[in-house]
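Please find below a colleague's note on the covalent links, charged pairs and backbone angles of the model. The points are numbered for ease of reply.

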Amino acid sequence: MRIFSTLLLVSAAITASAFAQSAPAPFTLAENGRGFASLADAIGAIGDGKGTVIVAPGTYRQCAVQNGGEVTIKAATPGSAIFDGTICEEKAALVLRGRATMVDGLIFQNLRVPDGNGSGIRLEKGNLSVRNSLFRNSEEGILTGEDRGATVQIDKSTFRHLGRCDRDLDCAHGIYIGRVARLSVTRSRFDQGDGGHYLKSRAAQVDIRDNSFDDSGGHLTNYMIDLSNGASGQIVGNDMVQGKDKDNWSAFITIAPEGREQDSSALVIEGNKAGFVPGLARGSTFVANFTDDVVRIGQNQLAPSMKIKDRR
């Protein structure tokens with residue numbers, strides 16, 4: 001009987017081992033089908049090369065650092081892969097310093113760190129493309145450092161319940177783009193901000209187009225779009241609604257409030273719609289310009305109580 005029981009245990013162990021080996025890994029390299037238990041290991045396997053990591057549906061309490069190469073991190077099914085609450089280097093769920101990174105279809109949530117800049121993505125070097133992704137309930141959605149040759153592209157993504165201005169720390173924002181060459185934000189949604197700006201950028205050139213900025217559920221928020229040091233490019237076709245609970249309601253868009261570094265005379269702002277939640281009328285300014293650059297403000301649909309522009 002004892003021998004039979006032992007045989008049963010050995011057989012069960014072999015079966016369990018075979019099942020574990022056959023179970024699909026959560027992170028798979030598209031190029032060769034190799035599976036990994038952690039995103040960090042999958043990105044590490046790409047190294048300084050080029051590759052795509054497919055993320056299986058699930059909630060992952062892990063983070064990863066990219067130190068080189070060109071990496072795509074893509075959900076097998078958009079919106080089904082969630083990175084929840086785990087931070088690398090006290091910075092972000094993804095810390096990126098390779099040549100280029102694409103993030104597609106992922107969700108980042110519940111990210112906080114002691115310095116108040118807990119982010120879904122922290123870009124320190126290289127180009128970044130984000131699409132079909134959701135950033136929520138964190139201190140910051142995307143935060144970048146300074147890489148003056150880099151481009152950042154964001155498309156069809158949502159930034160919700162982000163930002164903060166508390167604890168005697170510098171404010172965090174929905175998106176905060178440092179000094180990069182070019183920023184593109186298209187067909188995306190910003191809503192329910194928890195402080196700071198919805199979109200803050202120091203990029204030399206911007207394309208901010210066809211987005212929704214819905215501040216109706218915001219809490220102690222600031223500007224919709226802050227071009228901190230000026231920029232060329234365009235802000236076109238965006239819908240903006242300012243809510244009641246504002247830390248600063250004086251403007252929707254600002255040009256170089258932290259010092260002029262780029263000429264903004266080639267910046268075009270047109271085809272946008274801006275107003276207030278029902279029952280609210282304020283003397284807010286649509287474009288507050290802190291420089292003498294003549295920004296080209298075309299036709300925009302503005303609430304009657306709103307000023308088109310002012311010089312500050």
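**Disulfides, salt bridges and backbone angles**

1. A search across the whole structure, which is a predicted model, returns two disulfides. When the bonded cysteines of the chain are numbered in sequence order, the pairing reads 1-2, 3-4.

2. One disulfide joins Cys-63 to Cys-88, with an S to S distance of 2.1 Å. The link between Cys-63 and Cys-88 connects distant parts of the chain, 25 residues apart: Cys-63 sits in the loop between strand 4 (58-60) and strand 5 (64-66), and Cys-88 in the loop between strand 7 (81-84) and strand 8 (92-96). The angle about the S-S bond is 85°, and the link of Cys-63 and Cys-88 is right-handed. Cys-63 and Cys-88 are both buried.

3. The sulfur atoms of Cys-165 and Cys-171 are 1.8 Å apart, and these two residues form a disulfide. The link of Cys-165 and Cys-171 is right-handed, with 120° about the S-S bond. Cys-165 counts as partly exposed because its relative accessibility is 36%. Cys-171, at 31% relative accessibility, likewise counts as partly exposed.

4. Two residues deserve attention for their backbone angles. Most residues other than glycine have a negative phi. Arg-167, although not a glycine, has a positive phi of about 60°. Arg-167 is found in the loop between strand 16 (158-160) and strand 17 (175-177), and its relative accessibility of 46% is why it counts as partly exposed.

5. Ala-256 also has a positive phi, near 60°, and is a residue other than glycine. Its place is in the loop between strand 26 (251-255) and strand 27 (267-270). Is Ala-256 buried or exposed? Ala-256 has a relative accessible area of 3% and is therefore buried, the limit for that class being under 20%.

6. The search of the whole structure finds 29 salt bridges. One of them is formed by the side chains of Asp-48 and Arg-99, at 3.0 Å from N to O. Asp-48 lies in the loop between helix 2 (39-46) and strand 3 (50-55), and Arg-99 in the loop between strand 8 and strand 9 (100-104), so this pair ties together parts that are 51 residues apart in sequence. Asp-48 counts as exposed at 56% relative accessibility, whereas Arg-99 is partly exposed, with a relative accessible area of 39%.

7. Asp-104 and Arg-131 meet through their side chains in a salt bridge of 2.9 Å, N to O. The two residues are 27 residues apart and link distant parts of the chain, with Asp-104 in strand 9 and Arg-131 in strand 12 (residues 127-131). Asp-104 counts as buried because its relative accessibility is 6%. Arg-131 counts as partly exposed at 34%.

8. In the salt bridge of Asp-155 with Arg-187, the closest N and O atoms are 2.6 Å apart. This pair, too, links distant parts of the chain, 32 residues apart: Asp-155 belongs to strand 15 (residues 147-155), and Arg-187 to the loop between strand 18 (180-186) and strand 19 (189-191). Asp-155 is buried, at 18% relative accessible area, while Arg-187 is partly exposed, at 47%.

9. Finally, Glu-89, Lys-91, Arg-97 and Glu-124 are joined into one network by salt bridges that share partners.

Notes: Residues numbered from 1 in each chain as written. Predicted model: local features only at pLDDT ≥ 70, side-chain atom pairs only at ≥ 80, totals over all residues. Heavy atoms only, no water. Helix = DSSP H or I, 4+ residues; strand = E, 2+ residues; numbered from the N terminus. Buried < 20%, exposed > 50% of the residue type's maximum accessible area, 1.4 Å probe, protein only. Disulfide = S-S within 2.5 Å. Salt bridge = Lys/Arg side-chain N within 4 Å of Asp/Glu carboxyl O.
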